[in-house]
Amino acid sequence: MGKLILISFDAVGSDELDELLALPNFGRLVKQGMLFRDMKTVFISNTYPVHTSIATGVPPGMHGIISNTFIDPAEEGAWCYDSRRIKAKTLWRAAREKGLKTASVLWPVTGYAKDINWNLPEVVIRKGENQVVQNLKAGSFFIQMQAFFRHRQLMNGISQPALDNFAVHVMRDIIREKKPDFMLLHLTSFDTICHEFGRTAPETKKALEYLDGFLGEIRAVLEEDTTVIVFSDHAQLDVHANLHPNLLLEKMG
């Protein structure tokens, strides 16, 4: 049985495909496989609902993750990273039921996912929380401790592309040492840099080169029978103005 890795290029849209195709690793992958453009996403097309739909095969209304953050004001904008809130069967649970070994690095909504053998979940902490402590609670303790000790020098908080570089090194270690059957990797450098500089800025173009390099590093350690699926959850649009209806209503009395 062949192995499978899903690699998420967060926020990379069809408008970026021509640039990606000109880069060596992504271009080589497409020549060896198939390319699908302009795919329809789910509503709401935020990162957490989309990734959970990818992981379950059902829309947000069925799996229950309808936003990146909780809608309830009592949750104080906390992010929905706890997989125990998913109401549908996930790919990692299905894989575990088949006796397959699974690994996930920074994949959304994988916190406390007991069916993932080696799990470094994407955990967005609240004010006053410690990132390492919260990650250790929500993911695989030993694999995360090993990752932090081995590669902590690569990180600069959650800044990009350093965080993606860390994630890729962790996944490479897991692939070489644990040999999982099913792997999930979430790369967010394009999304983060796009939010900061805009979609067409030179810094954002450079982010595509980062992703291409990361793809090459991962493929270099994969076994020959591994299927690689690269996808994106949504695209980006530049914003020129923000409207705050509640403030306008308040001013109007």
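**Backbone exceptions, a buried helix residue and a surface patch**

Leu106 is found in the loop between β2 (102-105) and β3 (118-120) of this predicted model. The phi angle of Leu106 is positive, at about 60°, although the residue is not a glycine. With a relative accessible area of 9%, Leu106 falls under the 20% cut-off and therefore counts as buried.

A positive phi also occurs at Ala11, where the angle is about 75° and the residue is again not a glycine. Ala11 belongs to the loop that runs between β1 (3-9) and α1 (17-21). The relative accessible area of Ala11 is 0%, so this residue is buried. These angles are set against a general background: most residues other than glycine have a negative phi, and most peptide bonds are trans.

Cis peptide bonds were found as well. The bond from Phe43 to Ile44 is cis, with omega near 5°. Ile44 is placed in the loop between α2 (24-32) and α3 (47-56). A cis peptide bond also joins Gln160 to Pro161, and here omega is about 10°. Pro161 is located in the loop between α7 (141-151) and α8 (162-178).

Both partners of the Gln160 to Pro161 cis bond are in contact with Ser189. Ser189 lies in helix α9, which spans residues 189-197. The relative accessibility of Ser189 is 0%, and the residue is therefore classed as buried. Leaving aside residues up to four places away in sequence, the contacts of Ser189 comprise Gln160, Pro161 and Asp164, together with Ala207, Tyr210, Leu211 and Phe214. Of these contacts, Pro161 is assigned to the loop between α7 and α8, whereas Asp164 falls within the residue range of α8 (162-178).

The loop between α2 and α3, which holds Ile44, is also the place of Met34. Met34 has a relative accessible area of 69%; this value is over the 50% cut-off, so Met34 is exposed. Met34 forms a nonpolar patch on the surface with Phe36 and Met39. Together, the three residues of the patch have about 430 Å² of accessible area.

In terms of exposure, Met34 at 69% may be set beside the buried residues Leu106 at 9%, Ala11 at 0% and Ser189 at 0%. Leu106 and Ala11 are the loop residues described with a positive phi, while Ser189 is part of helix α9.

Key: Residues numbered from 1 in each chain as written. Predicted model: local features only at pLDDT ≥ 70, side-chain atom pairs only at ≥ 80, totals over all residues. Heavy atoms only, no water. Helix = DSSP H or I, 4+ residues; strand = E, 2+ residues; numbered from the N terminus. Buried < 20%, exposed > 50% of the residue type's maximum accessible area, 1.4 Å probe, protein only. Contact = heavy atoms within 4.5 Å. Patch = residues over 30% accessible without salt bridge, like charges linked within 9 Å, V, L, I, M, F, W, Y side chains within 5 Å. Areas by Shrake-Rupley, 256 points an atom, 1.4 Å probe, with all protein chains shown as cover. Salt bridge = Lys/Arg side-chain N within 4 Å of Asp/Glu carboxyl O.
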